[in-house]
Each structure stands twice: as structure tokens, then as C-alpha cells.
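Grab a pencil and open the viewer. Let's work through a few exercises together, one step at a time.

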Amino acid sequence: MSESRLRVAIGALALAGLAIASYLTYARYSGTQLYCATGGCETVQHSRYAVVAGIPIAVLGLVGYAAVLGTATRRGPLAAAAGVAVAAAGMVFSAYLLAAQLFLIHAVCQWCVASDVVVSLLAIAAWARFACAQRDLSLPRVAESPQPRRRRLPQQGSAPARMP
Amino acid sequence: MSLAARLPSLRAMAHDSAVRAPRRRPHGSARPPAPTSVPWLTPRRLLVLAAVGVVVLAGILIGVSVAGSGGGSSSPGSVTGGAQTTALIGGIPQQGFTLGSPTAPVKLVEYGDLQCPICREFATATLPTIIRDYVRTGKVQLEFRGLAFIGQDSEKALEAVTAAAAQNKSWNMIDLLYRNQGQENSGWVTDSTLRAAAAAIPGLSVPGWLGDRGTAATKAKIAAMRSQAVALMGASGIRTPTFEAGRAGQPLQYLPITSLDAGAFTPTLDQLLAQ
């Protein structure tokens with residue numbers, strides 16, 4: 001897949017993640033009850049793991065998805081590197097939070113699991129884009145590779161070989 | 001200028017055109033690679049940059065989260081144990097401050113303060129056995145009579161429990177608050193903690209619960225429970241936890257307890273059940 005298509009895919013996934021994070025942030029600050037088929041959403045959202053340094057995880061998710069969306073709007077290897085760094089870090093942190101839900105909070109939030117799926121797909125797409133960027137970065141250097149051996153030209157003033 | 005003298009510049013032009021010549025890119029990509037303005041950027045350095053970014057970001061997030069989740073008491077605005085509470089008492093009938101079948105032959109009453117550490121020990125270590133063996137089986141009905149004599153946090157917590165009792169969810173709130181109990185009068189009973197506890201109770205209408213917290217009816221119920229405690233222990237002799245037990249429909253008897261082990265309660269309950 002080309003880098004431009006990957007950027008579109010990353011943008012779409014980041015928008016999906018933004019939608020989930022926006023809903024969780026809205027519910028957090030408005031006090032409305034989450035729609036929850038698994039029954040553990042409120043427990044998870046109000047657990048001590050739902051806040052990092054005083055910032056709700058939902059807000060961190062908003063910032064993270066917005067950052068990845070921002071990298072998808074820009075071309076270049078640095079944007080690809082930033083995108084994969086944020087998406088992969090988000091995936092690692094989501095895995096930690098999923099483990100906290102299963103083994104510490106003993107409740108599962110369906111919205112968090114949905115976000116886990118989105119961020120995992122995002123990390124895969126960002127990695128593919130990053131691989132494209134790495135390959136593109138190496139291409140110009142092919143042209144700058146050691147010059148082909150040139151045929152030695154006769155020096156000015158030197159006597160040309162004469163036919164006998 | 002002779003042709004020989006112009007040769008170096010011609011060679012340079014030829015080399016430039018070779019560099020700029022359009023090349024077929026792999027994977028069918030239509031666009032040429034984006035030029036980078038960062039001369040030091042190599043594929044290897046880009047990989048290192050991304051890897052460092054992942055490690056630093058994930059490390060900071062997980063590190064701060066682990067540090068913030070440590071300690072015995074919960075941070076403001078969060079509660080834990082909602083699932084355990086639901087598993088413990090879910091499906092058992094509640095009516096006001098009672099837990100258990102209304103037709104249970106035996107009644108066990110606890111006078112407790114939600115800030116009292118020994119009440120917490122009873123709630124977390126002893127009560128699960130009693131609930132499993134006597135309440136869930138329909139033999140015993142529990143009743144909580146809340147007191148607020150330790151301090152201001154007790155009053156706020158008891159109002160929260162009384163408001164939950166209006167929706168027959170008092171035991172969910174009691175159990176959650178004991179699980180998340182903080183240091184006495186440290187200000188641990190914050191509005192955000194109470195809201196988090198209320199939100200963690202399945203079926204509780206949080207707006208309704210919020211509206212019931214400070215009402216005259218709530219204050220009257222709290223006053224009534226205090227009157228019952230004073231009648232049993234005297235105004236100056238109130239202590240928690242204190243227990244009463246008896247057959248349903250008959251006067252309750254003070255239950256002296258020397259230990260909070262479930263074994264200290266079961267002989268009395270079995271004896272009452274056998275009557």
C-alpha cells in the first residue's frame with residue numbers, strides 16, 4: 001500500500017479513536033451514564049486507573065488520537081516516525097490498561113476495548129507507513145552512491161597516440 | 001573555450017541529469033519520495049528516533065499511572081471494588097437499609113460508622129461469609145443503622161448511603177465506601193469520590209441519588225438511626241460496630257462480640273434459626 005493510502009487509513013482510524021475518546025470525555029465531565037453492555041464501564045471509568053497525573057485517560061486518548069491525526073496530515077519521514085511513536089506507545093499503554101481491567105479492577109469497559117482495537121490497528125498502519133518512509137529515505141541515497149568508474153580522459157596538452 | 005576545457009562542466013551536467021532522471025519506484029508508488037530537509041536523517045536513525053519515542057511515551061504513561069494507583073486509599077474521584085461489591089450482593093433483595101429476604105426468619109442489625117476501621121474490617125473480612133451462607137440463602141436479613149459520630153466525613157458518607165437507600169441500593173454504597181475507606185477525617189469523602197461510587201452501582205440513578213442527599217427526609221432517617229443507637233447504647237456510650245440479632249418480628253437482643261471472625265457470629269445465628 002502506498003504512503004498516501006496509509007495516511008488516509010491512519011486518519012480514518014484516528015477519527016474513530018477520537019469519537020470514542022470524545023464520548024468518554026463527555027460522559028466523564030457531564031456525569032451522564034455510559035451506554036454499557038458489559039456492565040463494567042462506570043467501574044473502570046471511575047477507578048484509580050482512569051486518571052493519570054490528574055488527567056482522565058479519556059482526555060489523554062483525545063490528545064493522543066489528535067496527535068496521530070496531525071501526523072497523518074503531513075508527509076515526510078519525521079511525521080511517520082512521530083505517528084508510529086505515538087500510536088505504538090498508545091498501544092502499549094492500552095495493553096497495560098486492559099491488564100488492569102482484567103486483573104486489578106475486575107471489570108471490563110467495552111469502550112476501552114473498542115479503543116484498544118482502534119489503537120492496535122492504528123499502530124499497525126503507522127508502522128507500515130513508517131516502513132514506507134524508511135524505504136523512501138533510502139532511495140535518494142542510491143543516486144548518491146559511489147560514481148561509476150569514469151573512463152580516463154586524455155589530459156589537455158598530452159600527446160595523443162598516433163597511428164603509425 | 002576549447003571542448004576539452006568545457007568537459008568537466010558537461011560531465012557535471014550529465015551526472016545531475018542522471019540523478020534527476022525519473023526512476024520507476026518500487027511498489028507502484030506514483031509520487032517521488034518526499035525530500036527531507038534533515039541531512040542527518042538515515043533510515044537507521046529514523047528507527048532509533050521512533051523507538052525512543054515509543055519507550056519514552058509509554059514509560060511515562062505507565063510509570064505515572066502505576067505511581068498514581070499505589071497506596072491504600074483511592075485517589076479523589078475514583079473508587080475500586082465495584083465489581084466485587086456487585087458480585088457480593090448482586091441479586092439479593094434490598095429494601096431501604098436491609099439486605100436479604102423480607103421473610104428471613106432471623107434479623108442481624110449492625111450499627112456502623114462508615115469511617116470506622118473496625119467496621120471496615122467486618123465489612124471486608126467477615127460479612128462476605130455471612131452474606132454467602134446466611135443472607136443469600138434467605139435465612140438472615142441484614143440491616144445497617146448508620147451513625148456519624150467520628151467526624152464530617154462520616155456525615156457525608158452516611159448521607160450518601162441514606163440517599164442510596166431511597167433507591168434500595170444502600171448496601172452497594174456501604175460496601176463500596178468501606179472498600180475505599182480513607183484515613184479518619186482526612187477529607188477522603190469528597191463529592192467526586194461519592195459520585196464515582198454512585199456511578200459504580202448498577203441500576204442507581206445518579207441524578208436521583210444526588211437530589212436525595214441533602215433532603216429533610218434523608219436527615220430524618222439519619223436522626224432516627226441515631227435515636228435507635230442511643231436507645232441501645234446510651235448517648236455517651238455509642239461505639240461501632242455494635243450488633244443486635246433476633247427472630248423476625250420479635251425484639252432484638254444486643255449481641256456481644258469478642259471477635260470479628262465469622263465464627264463469632266455463626267453460633268448465635270444458628271441458634272436463632274433453630275428456634
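Below are five exercises on this predicted model, each with a worked solution.

**Exercise 1. Work out how helix H4 and helix H6 of chain B are arranged, and which residues bring them together.**

Solution.
- Step 1: Start with what we need. Two packed helices are described by the angle between their axes and the distance between the axes.
- Step 2: Find the helices. H4(B) covers residues 117-135 and H6(B) covers residues 170-179; their axes come within 9 Å and cross at roughly 115°.
- Step 3: Put that angle into words. Angles of 65 to 115 degrees count as roughly perpendicular, so H4(B) is roughly perpendicular to H6(B).
- Step 4: Add the handedness, which is left-handed for the crossing of H4(B) and H6(B).
- Step 5: Look at who touches whom. On the H4(B) side you'll find B:Cys119, B:Arg120, B:Ala123 and B:Thr124, and they meet B:Asp175, B:Tyr178 and B:Arg179 of H6(B).
- Step 6: Sort these contact residues by type, and you get 3 nonpolar, 1 polar and 3 charged.

**Exercise 2. Do the same for helix H5 and H6 of chain B.**

Solution.
- Step 1: H5(B) spans residues 152-165, and its axis comes within 7 Å of the axis of H6(B), with a crossing of roughly 150°.
- Step 2: Anything over 145 degrees counts as roughly antiparallel, and therefore H5(B) and H6(B) are roughly antiparallel to each other.
- Step 3: Now the residues. H5(B) brings B:Ala157, B:Ala160, B:Val161, B:Ala164 and B:Ala165, while H6(B) answers with B:Ser170, B:Asn172, B:Met173, B:Ile174 and B:Leu177.
- Step 4: By type, this contact of H5(B) with H6(B) has 8 nonpolar residues, 2 polar and no charged ones.

**Exercise 3. Decide how well covered H6(B) is: how many of its residues are buried?**

Solution.
- Step 1: Use the cut-off: a buried residue has 20 or more other C-beta atoms within 10 Å of its own.
- Step 2: Go through the helix. Among the residues that pass are B:Trp171, B:Asp175, B:Leu176 and B:Tyr178.
- Step 3: Count them up: 9 of the 10 residues of H6(B) are buried, so the helix is mostly covered.

**Exercise 4. Follow strand S5 of chain B and find its partners on both sides.**

Solution.
- Step 1: Strand S3(B), residues 106-113, pairs with S5(B), residues 242-247, in the antiparallel sense over 6 bridges. Here B:Val109 stands opposite B:Glu244.
- Step 2: S5(B) also pairs with S6(B), residues 253-254, again antiparallel, over 2 bridges. This time B:Glu244 stands opposite B:Tyr254.
- Step 3: Check the link. S5(B) and S6(B) make a hairpin with 5 residues between them, and B:Gly249 in the turn has a positive phi of about 85°.

**Exercise 5. Place these strands in their sheet: in what order do the strands of chain B lie, and which stand at the edges?**

Solution.
- Step 1: The open sheet has 6 strands in the order S1-S2-S4-S3-S5-S6, with mixed pairing.
- Step 2: S1(B) and S6(B) are at the edges. Each has a single partner strand, so one side of each lacks a neighbour in the sheet.
- Step 3: Finish with the helix from the opening exercise. H4(B) packs on this sheet, touching S2(B), S3(B) and S4(B), and its direction makes about 160° with that of S4(B).

Methods
Residues are numbered from 1 along each chain as its sequence is written. Chains are lettered from A and ligands numbered from 1 in the order in which they are written. This is a predicted model: local features need pLDDT of at least 70, side-chain atom pairs count only at pLDDT 80 or more; totals for chains, interfaces and linings use all residues. Axes are lines fitted to C-alpha atoms, for helices over the stretch in contact, and angles run from 0 to 180 degrees between N-to-C directions. Helices (H or I, at least four residues) and strands (E, at least two) are DSSP runs, numbered from the N terminus. Angles under 35 degrees count as roughly parallel, over 145 as roughly antiparallel, 65 to 115 as roughly perpendicular and the rest as oblique. A crossing is left-handed if the near helix is turned anticlockwise from the far one by less than a right angle, and right-handed if clockwise. Two residues are in contact if their C-beta atoms, placed from the backbone, lie within 7 Å. Ala, Val, Leu, Ile, Met, Phe, Trp, Tyr, Cys and Pro count as nonpolar, Asp, Glu, Lys and Arg as charged, and the others, Gly among them, as polar. A residue is buried if 20 or more other C-beta atoms lie within 10 Å of its own, exposed if 12 or fewer, and partly exposed in between; C-beta atoms are placed from the backbone. Two strands pair if DSSP finds at least two bridges between them.
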